[in-house]
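Below is a short briefing on one protein chain. The points are grouped by topic and can be followed against the sequence and the coordinates.

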Amino acid sequence: MKIRNRFTLISSLTFSVVFVIASLITYFSFYSYSEKIVYNELQKTCLLTGIFYLEKDELPENQHLLIGQQFKENSLEIITRVYNKQNQIVYGDKHIDNNITSAKLDYIRKNRKLSFKSKHHFYFGSFYHDNQGDFVVLVKKNDTEFKTMTDRLLIIMLLVLVSGLISIYLVSRVLSNLAYSPIKNIINQVNEIQASSLDKQIVSSNTKDEVQELIETYNQLLKRLSDTFVIQKNFINYVSHEFKTPLTAISGNLEVFAQKDRTSAEYKEMSEKVLENVYEIENTMNTLMMLSGLRTNMELNEIFRVDELVWDINDQLSETYHLKGQIQIALEVTNDKLLSIQGNSNEIKIALFNIIENAVKYSKENPIKISLLEENNQLKIEVEDQGTGISAEDLQFIKQTFYRGQNVSDIKGTGIGLPLANMIFKQNNIEFTISSEKDTGTVVTLLFPKL
């Protein structure tokens with residue numbers, strides 16, 4: 001069942017139950033109150049009956065005439081009877097009423113009054129003490145008028161109940177449509193989103209409720225999916241590129257080599273070339289395994305000097321990129337012990353190499369400064385360049401795998417260096433932060449743990 005129909009059903013049932021209960025309470029309250037009014041009228045008539053029949057010898061004639069007039073006015077459609085001690089009718093209607101038994105008359109004498117109902121009449125009886133003796137006065141009234149009034153009320157309430165239930169259903173339907181419309185809007189927008197448009201955001205009217213929270217959560221999910229697809233696409237491109245070159249070299253060399261017989265020296269040379277390409281593939285695989293966390297870090301207890309790693313990296317990059325004093329290393333550490341740290345030297349060297357190589361690649365041949373500093377008795381390294389920089393939009397994603405900034409498409413790269421470095425630094429408890437602005441340069445800060 002759809003939410004809209006469920007909401008309509010639940011709200012209709014809820015309001016219907018409340019409406020039915022309220023109607024029943026109203027009807028029975030009116031019924032009970034009407035009965036009470038009838039018995040009050042009969043009680044007054046019962047008192048007038050006793051005074052009219054039994055006080056004639058004690059009241060002045062004019063007062064008795066006045067009581068008689070009131071008695072006639074109140075006893076219209078009411079049958080009155082006065083019983084003596086022997087349960088004989090001494091005044092009023094002489095016909096025997098089977099509903100008036102000796103047990104009821106004795107009850108009235110004992111408890112002073114009694115009200116009860118038969119199938120078609122209301123009865124009220126009271127004990128009356130007079131100088132002539134003790135009597136029981138009983139009056140009864142036909143319930144036709146009472147039933148007509150209550151039946152009419154019942155019909156009216158049933159009509160109101162039916163029309164109310166229909167109205168409640170219609171109103172609930174309208175309200176459910178109004179409440180469901182934002183969700184329907186979301187469904188329509190989601191149906192329009194394709195795999196190629198995952199970056200499209202769901203637009204809402206900012207209702208500041210659970211629906212708005214759902215929209216924001218779904219937009220965040222879409223953004224993560226979009227980023228994931230970008231990463232997957234970059235991963236495929238990266239793997240294809242990195243594997244294609246050595247595999248092409250291997251297949252090409254083997255095809256050429258197989259065209260004729262070769263000497264031992266040529267076999268050795270070909271083996272070295274093939275192995276070189278195989279090692280390149282192996283290094284790529286190791287990098288990917290390290291990045292995905294599949295490699296277990298088993299060498300965390302090694303103690304080594306970070307400044308030596310920095311100088312080694314400087315030498316390697318100077319030779320690879322033919323640098324001539326572009327990298328400036330400033331050693332400003334007075335406590336020589338801070339230069340010795342504990343961790344995996346090979347992995348940290350890979351991470352530092354990626355950081356410094358990025359500075360070289362994106363510095364546009366501007367100077368690069370590597371500072372080894374002290375901060376709170378900890379070693380701090382800053383790698384600062386004056387290159388292309390990173391925009392604020394790219395900076396929040398730059399540590400994601402295979403993500404590359406929008407302003408470096410002309411520079412060769414795979415988007416794997418920073419994520420790999422970030423993972424290595426985390427494994428070795430090294431704080432890694434990047435601050436940058438587009439076209440002004442980048443500063444990478446590393447804060448090493450205390451030994």
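Residues 153–171 are 100% helix and 0% strand, with end C-alpha atoms 26 Å apart. This span is one of two that UniProt lists, in an unreviewed entry, under "transmembrane region"; the other is 7–30. The model is predicted.

**Annotated spans and whole chain**

- Residues 7–30 are likewise 100% helix and 0% strand, and here the end C-alpha atoms are 34 Å apart.
- The protein chain holds 10 helices and 12 strands.
- Of its 451 residues, 39% are buried.
- Taking contacts between residues at least 6 apart in sequence, 65% join residues at least 24 apart.
- The accessible surface of the chain is about 27700 Å², and carbon and sulfur atoms account for 56% of that surface.

**Helix H3 and its surroundings**

- Helix H3 spans residues 102–111, and Leu105, Ile108 and Arg109 are buried in it.
- These three residues lie on the same side of H3, because they cover an arc of only 100° around the axis.
- Ala103 and Lys110 are exposed on the other side of H3.
- The packing partners of the buried H3 residues are four strands: E1 (78–83), E3 (113–117), E4 (121–130) and E5 (133–142).
- Arginine 112, just after H3, has a positive phi of about 75°.

**Lysine 104**

- Lysine 104 is also part of helix H3.
- Is lysine 104 buried or partly exposed? Its relative accessible area is 27%, which is above the 20% limit for buried and below the 50% limit for exposed, so lysine 104 counts as partly exposed.
- Apart from residues up to four places away in sequence, lysine 104 touches Asn99, Leu114 and Phe116.
- Lysine 104 and phenylalanine 116 are separated by 12 residues in sequence and by 9.8 Å in space, C-alpha to C-alpha.

**The five-stranded sheet**

- An open sheet of 5 strands runs in the order E7-E9-E10-E12-E11, and its pairing is mixed.
- Strand E7 (327–331) and strand E11 (431–437) are the edge strands, each pairing on one side only.
- From one strand to the next, the twist averages 15°.
- Strand E10 (residues 378–385) and E12 run antiparallel and are joined by 6 bridges.

**Helices across the sheet**

- Which strands does helix H7 lie across? Helix H7 (residues 306–320) lies across E7, strand E9 (368–375) and E10, and its direction is at about 170° to E7.
- Helix H8 (residues 345–362) lies across E7, E9, E10, E11 and E12.
- The angle between H8 and E10 is about 25°.

**Threonine 445**

- Threonine 445 belongs to strand E12, which covers residues 441–447.
- With a relative accessible area of 16%, under the 20% limit, threonine 445 is classed as buried.
- Glutamate 382 stands opposite threonine 445 in E12.
- Glutamate 382 is also among the contacts of threonine 445 when neighbours within four places in sequence are left aside.
- The other residues in that contact list are Lys380, Ile381, Glu431, Phe432 and Thr433.

Definitions and conventions: Residues are numbered from 1 along each chain as its sequence is written. This is a predicted model: local features need pLDDT of at least 70, side-chain atom pairs count only at pLDDT 80 or more; totals for chains, interfaces and linings use all residues. Side-chain values use heavy atoms; hydrogens and water are left out. Buried means under 20% relative accessible area, exposed over 50%, partly exposed in between (1.4 Å probe, protein chains only). Helices (H or I, at least four residues) and strands (E, at least two) are DSSP runs, numbered from the N terminus. The arc is that of the directions from the helix axis to the C-beta atoms. Contact means heavy atoms within 4.5 Å. Accessible areas come from the Shrake-Rupley method with a 1.4 Å probe; for residues, only the protein chains shown count as cover. UniProt positions are given in the numbering used here, feature names are shortened, and annotations may be inferred rather than shown by experiment. Two strands pair if DSSP finds at least two bridges between them. Axes are lines fitted to C-alpha atoms, for helices over the stretch in contact, and angles run from 0 to 180 degrees between N-to-C directions.
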